[in-house]
Amino acid sequence: MKRSQTLMKRAMTGLLDPVFKETIQGHAKVLETFRIPKVGTIAGCSVTDGIIKRDYHVRLLRDNTVIFTGKVGSLRRFKDDASEVRSGMECGISIANYGDIKAGDVIEAFVTEKVAAEALV
């Protein structure tokens, strides 16, 4: 009887919608912005905590209010492309399809993970 209950629980779990969980990876404070023709607005940032990678999703926060959510368009250290930037380092970040960035904004990097939903028993 116990084995059939576990099989039934596994079957029910497979039918449930997956649950997505966001994990914050790091924050960067915008020190200055630069407009570059044909590229857009680049935020000159200092990573205050954590790590920011090129493939992360980001949230632009202004006065602790979410202004925009998107993906990192480009990530650079000095004039070189970077795959990641760690805490305490400075970098240039562009947000894909968005250009209204101002000095003092905070860029919050996060990843979305798919977590298996559990059946209620």
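Okay, let me start with what I mean by a patch: residues with over 30% relative accessible area and no salt bridge, where like charges are joined within 9 Å and nonpolar side chains (Val, Leu, Ile, Met, Phe, Trp, Tyr) within 5 Å. Accessible areas are from Shrake-Rupley with a 1.4 Å probe, and for residues only the protein chains shown count as cover. A salt bridge, for me, is a side-chain nitrogen of Lys or Arg within 4 Å of a carboxyl oxygen of Asp or Glu.

Some housekeeping. This is a predicted model, so local features need pLDDT of at least 70 and side-chain atom pairs count only at pLDDT 80 or more, while totals for chains, interfaces and linings use all residues. Numbering runs from 1 along each chain as its sequence is written, and side-chain values use heavy atoms, with hydrogens and water left out.

So, the patch. On the surface, Phe34, Ile36 and Val39 make up a nonpolar patch with about 270 Å² of accessible area together. Val39 sits in the loop between β1 (19-36) and β2 (40-53); strands here are DSSP E runs of at least two residues, helices are H or I runs of at least four, and both are numbered from the N terminus. Val39 has a relative accessible area of 57%, so I call it exposed, which is over 50%, with buried under 20% and partly exposed in between (1.4 Å probe, protein chains only).

Next, the salt bridges. There are 7 of them in the structure. Which residues are linked in a network? Glu22, Arg59 and Glu108. Take Arg59 with Glu22 to begin with: their closest N and O atoms are 2.3 Å apart. Arg59 is in strand β3 (residues 57-62) and Glu22 is in β1, so this pair ties together parts 37 residues apart in sequence. Arg59 also meets Glu108 in a salt bridge, at 2.5 Å, N to O. Glu108 belongs to strand β8 (residues 106-115), so here the parts tied together are 49 residues apart in sequence. Buried or exposed? Arg59 is buried at 13% relative accessibility, Glu108 is buried at 10%, and Glu22 is partly exposed at 47%.

Away from that network, Asp81 and Arg76 form a salt bridge at 3.2 Å, N to O. Asp81 is exposed at 51%, and Arg76 is partly exposed at 36%.

Back to β1 for a moment, since Lys29 lies in that strand. Lys29 is partly exposed, at 38% relative accessibility. Its C-alpha is 6.4 Å from that of Ile107, with the two positions 78 residues apart in sequence numbering.

Last up, the largest pocket. On a 1 Å grid over the protein atoms alone, a pocket is an open set of points where a 1.4 Å probe fits, with protein on both sides within 12 Å along at least five of seven lines; lining residues have an atom within 4 Å of a point. The largest pocket holds about 350 Å³ of space, the volume being what probe spheres set on the points fill. It is lined by 15 residues, and Phe34, Gly44, Phe78, Cys91 and Gly92 lie nearest its centre. Which strand gives the largest share of the lining? β1, with 4 residues.
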